[in-house]
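Open the structure in your viewer and keep the selection tool at hand. The stops below say what to select and what is there.

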Amino acid sequence: MLNTNPPKEMKAERIAKVIARAGLCSRREAERWIARGRIRLNGKTLDTPAVTVIETDTIFVDGQPLPGRERPRLWRYHKPTGLVTSHRDEKGRPTVFAKMPADMPRVVSIGRLDINSEGLLLLTNDGELARALELPATGWLRRYKGRVHGRVNSQILEALAKGLTVDGVHYGPIKATLNNSREAGKTGANAWLTISLAEGKNREVRKVLAHLGLSVNRLIRTSYGPFQLGKLMCGRVEEIKGKVLREQLGGLHRDL
């Protein structure tokens with residue numbers, strides 16, 4: 001039976017949140033799994049995520065018991081181009097997660113990088129932590145180096161700084177600086193920009209710059225909040241030490 005009136009001494013939580021915290025997926029993905037009939041609670045297949053559970057409930061995912069909860073962990077990954085940030089791709093393209101070392105637990109990404117972008121991608125075994133770090137409310141900046149083709153001038157940089165709307169979608173302020181001032185105003189040449197933004201919407205940098213007449217032919221994420229790509233080699237993954245995790249994220253997750 002579903003728990004509608006759990007004992008007061010046991011904390012009740014939404015089932016999608018519990019599944020996400022186990023590291024199987026994000027909370028949103030857990031809700032989709034429930035809609036597809038992949039989750040059973042106390043022997044009954046769920047068809048709605050509007051259910052709370054307590055510690056004594058039994059949860060099965062695809063016929064397997066929900067794994068025991070592990071402490072939140074975080075990894076830096078230097079994503080190369082040519083990989084999609086998805087566990088499964090309907091087009092059969094290679095994925096980030098298929099390239100993880102054999103001893104890696106199941107992880108989810110914090111935000112995404114599109115197939116043609118590279119650089120820092122944060123990975124975690126805790127879906128609740130992933131959700132917290134994706135929210136603009138954290139105030140964390142995503143920083144990129146972008147190589148663009150077209151004429152870069154002060155008007156473009158000012159338009160980015162004010163924020164703009166593209167195809168009905170509003171994008172917040174983006175700080176962009178030209179790495180070499182001698183490239184300003186040139187046409188038909190590549191220029192490198194350093195770009196900082198707080199939202200990180202889908203393909204935001206590429207869409208906004210294309211709207212301003214600049215085509216992005218290389219995009220590298222160099223940092224996400226306090227975490228830096230640094231000298232991590234392309235294709236390598238490295239776990240962030242627990243002490244650093246607690247120092248940087250202690251206020252964002254109760255189990256750090």
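Begin with the largest pocket, which holds about 1,200 Å³ of space. Keep in mind throughout that this is a predicted model.

**The largest pocket**

Select Thr85, Ser86, Ser109, Gly111 and Arg112: of the 45 residues that line the largest pocket, these lie nearest its centre. Next, colour the lining by residue class. Its residues comprise 21 charged, 15 nonpolar and 9 polar ones.

Which helices and strands each supply at least two residues of this lining? Select the helices H2 (27-35), H3 (127-134) and H5 (204-211), then the strands S8 (108-110), S10 (142-149) and S15 (215-224); each of them does so. H2 gives the largest share of the lining, with 4 residues.

**Strand S15 and its partners**

Stay with S15, one of the strands that supply the pocket lining, and display the strands paired with it. Select S10 to see an antiparallel pairing with S15 over 8 bridges. At Arg142, look across to Tyr224 in S15, which stands opposite.

Now select strand S9, residues 118-124. S9 runs parallel to S15 where the two pair, over 2 bridges. Here Glu118 has Ile220 of S15 opposite.

With these strands in view, turn on the side chains. In a regular strand, side chains alternate between the two faces of the sheet.

Go on to strand S16, residues 227-228, which pairs with S15 in the antiparallel sense over 2 bridges. Tyr224 comes up again at this stop, standing opposite Phe227 in S16. The hairpin formed by S15 and S16 has 2 residues between the strands, and Gly225 in this hairpin takes a positive phi near 60 degrees.

**The cavity**

Finish at the enclosed space. How many cavities of 30 Å³ or more are there? The count comes to 1, and the largest cavity has a volume of about 30 Å³.

Select Ser26, Arg27, Arg28, Arg131 and Glu134 to show what lines the largest cavity. Of these lining residues, 4 are charged, 1 is polar and none is nonpolar. H2 and H3 each supply at least two residues of the cavity lining. Both helices were also selected at the first stop, where each supplies at least two residues of the lining of the largest pocket.

Methods
Residues numbered from 1 in each chain as written. Predicted model: local features only at pLDDT ≥ 70, side-chain atom pairs only at ≥ 80, totals over all residues. Heavy atoms only, no water. 1 Å grid on protein atoms, 1.4 Å probe; cavity = no way out; pocket = protein on both sides within 12 Å on 5 of 7 lines; lining within 4 Å. Points joined across faces, edges and corners; volume = space filled by probe spheres on them. Nonpolar A, V, L, I, M, F, W, Y, C, P; charged D, E, K, R; others polar. Pairing = 2+ DSSP bridges.
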